[in-house]
Amino acid sequence: MALNPPSQSEPVHAFEHVDQYLKVGLESDASDIHLGANSQPIWRRYGTLEPIWLKASVLSSADTERLALGFLSDAQQRILHERGDVDFAYANETGRFRASVVRHRLGIDIVFRIIKRDIRTMDDLGLPSSLKLLTQYQNGLVLVTGAVGSGKSTTLAALIEEINLHRHDHIITLEDPIEYVIASKGCHVTQREVHTHTRSFGAALRGALREDPDVIMVGEMRDLETIQLAITASETGHLVLGTLHTGNASRTLDRVLDVFPVDQREQIRIMVSESLRGIVSQQLVPRADGRGRALALEILTNTPAVGNVIREAKTFMLPGIIQTGRKNGMRLMDDSLLELCQQGIISAEEAYARSEQKQVMRQQLAR
């Protein structure tokens, strides 16, 4: 069957294999493919969720079960049957994908995140050159944060690739699942997948500390054990890069500190104030011309003022410090949004909707 664009007028019936939907998504620059029971095939393209074809047939529960069984291994089918969901990396001749298959009230839903085949460099992504300094530390903690689908994995891969190209170290990545396949270049790269090569992020981190690493990438710092081990590793001579689902620098630090019991927080604040190297928070904003999405960044780098605020548990003061720290490469998310708007890259409506200080943003946009 021909792979028709969304504007086609004739009905489109269910494909026989998920690979056919993935090929459509790759060719059309989609980021996610949704194949759900009692729904048309849907994709997320440039941040918007919409039907792939306007007249596509609705997928039945039998359709999605057939599609799932067509690409799941026997072991994955057992997990789906026993647990009700399974997540893994899926690869075919066209690319790599992060796959999630779940059972629900109406049947089976399948969701794919499309992973770009090539790792884009920091320059390709348009990341500020000041961020390259974060890849030059021999130890410390670097956090990349943002909502789901904000490009954290792509930014993190670019930071790792910068290290891979310009240093001669041992890099260990801990992911769930492995997304970008990183070939060893200047560095020796070891990639481990949670639930495939190790039981959990915590177990993998404990193991990593005995594997002579210089750089450790933690795909997601989601619990107390992982965060605690990451901070410890950053203090014991390792550069640790990780991600969190937080929207800005101050909320990121609050999340890191609040996960600890109250009686440990003072000690952890001191540890983080000394080991933190930087926080990069990001959003992907639909472009005004409809041709993709633009990257908006908030950047915090550790300075004596930042360290003091962390130790004293006054993270609410960080926005002011970031605003006055532009000479150190820092920037607020609102300033990044305003700059993109003034350049005509994003609309004023998007800048306002995504801003933190809406009253201030409204005044800036009115000028």
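This report describes a seven-stranded sheet, the helices α6 and α7, and the strands around β6.

The model is a predicted one, and every value below was computed from it.

**The open sheet**

Seven strands make up an open sheet of mixed pairing, and their order across it is β9-β8-β10-β11-β7-β12-β13. Because β9 (188-193) and β13 (293-301) each have a single partner strand, they stand at the edges, and one side of each is left without a neighbour in the sheet. From one strand to the next, the twist averages 15 degrees. At the β13 edge, strand β12 (residues 276-286) runs antiparallel to β13 and is joined to it by nine bridges, and within this pairing Pro 286 has Arg 293 of β13 as its bridge partner.

**Helices α6 and α7**

Helix α6 (residues 201-208) packs on the sheet, where it touches β8 (170-175), β9 and β10 (215-218), and its direction makes about 170 degrees with that of β8. How, then, are the axes of α6 and helix α7 placed, and at what angle do they cross? The two axes come within 8 Å and cross at roughly 20 degrees, with α7 spanning residues 224-235. Since angles under 35 degrees count as roughly parallel, α6 and α7 are therefore roughly parallel to each other. The crossing in which α6 passes α7 is left-handed. On the α6 side the contact is made by Phe 201, Gly 202, Leu 205 and Arg 206, while α7 contributes Glu 225, Thr 226, Leu 229 and Ala 230. Sorted by class, this contact between α6 and α7 has four nonpolar, two polar and two charged residues.

**Strand β6 and its partners**

Strand β6 (residues 107-115) is mostly covered, with seven of its nine residues buried. Strand β1 (residues 32-36) runs antiparallel to β6 and is joined to it by five bridges, and strand β5 (residues 95-104), also antiparallel to β6, is joined to it by nine bridges. The connection from β5 to β6 is a hairpin through two residues. Val 111 of β6 takes part in both pairings, since His 34 stands opposite Val 111 and Ser 100 has Val 111 as its bridge partner.

The antiparallel pairings described above are set out here.

| Strand pair | Bridges | Residue pair |
|---|---|---|
| β12 and β13 | nine bridges | Pro 286 and Arg 293 |
| β1 and β6 | five bridges | His 34 and Val 111 |
| β5 and β6 | nine bridges | Ser 100 and Val 111 |

Notes: Residues are numbered from 1 along each chain as its sequence is written. This is a predicted model: local features need pLDDT of at least 70, side-chain atom pairs count only at pLDDT 80 or more; totals for chains, interfaces and linings use all residues. Side-chain values use heavy atoms; hydrogens and water are left out. Two strands pair if DSSP finds at least two bridges between them. Helices (H or I, at least four residues) and strands (E, at least two) are DSSP runs, numbered from the N terminus. Axes are lines fitted to C-alpha atoms, for helices over the stretch in contact, and angles run from 0 to 180 degrees between N-to-C directions. Contact means heavy atoms within 4.5 Å. Angles under 35 degrees count as roughly parallel, over 145 as roughly antiparallel, 65 to 115 as roughly perpendicular and the rest as oblique. A crossing is left-handed if the near helix is turned anticlockwise from the far one by less than a right angle, and right-handed if clockwise. Ala, Val, Leu, Ile, Met, Phe, Trp, Tyr, Cys and Pro count as nonpolar, Asp, Glu, Lys and Arg as charged, and the others, Gly among them, as polar. Buried means under 20% relative accessible area, exposed over 50%, partly exposed in between (1.4 Å probe, protein chains only).
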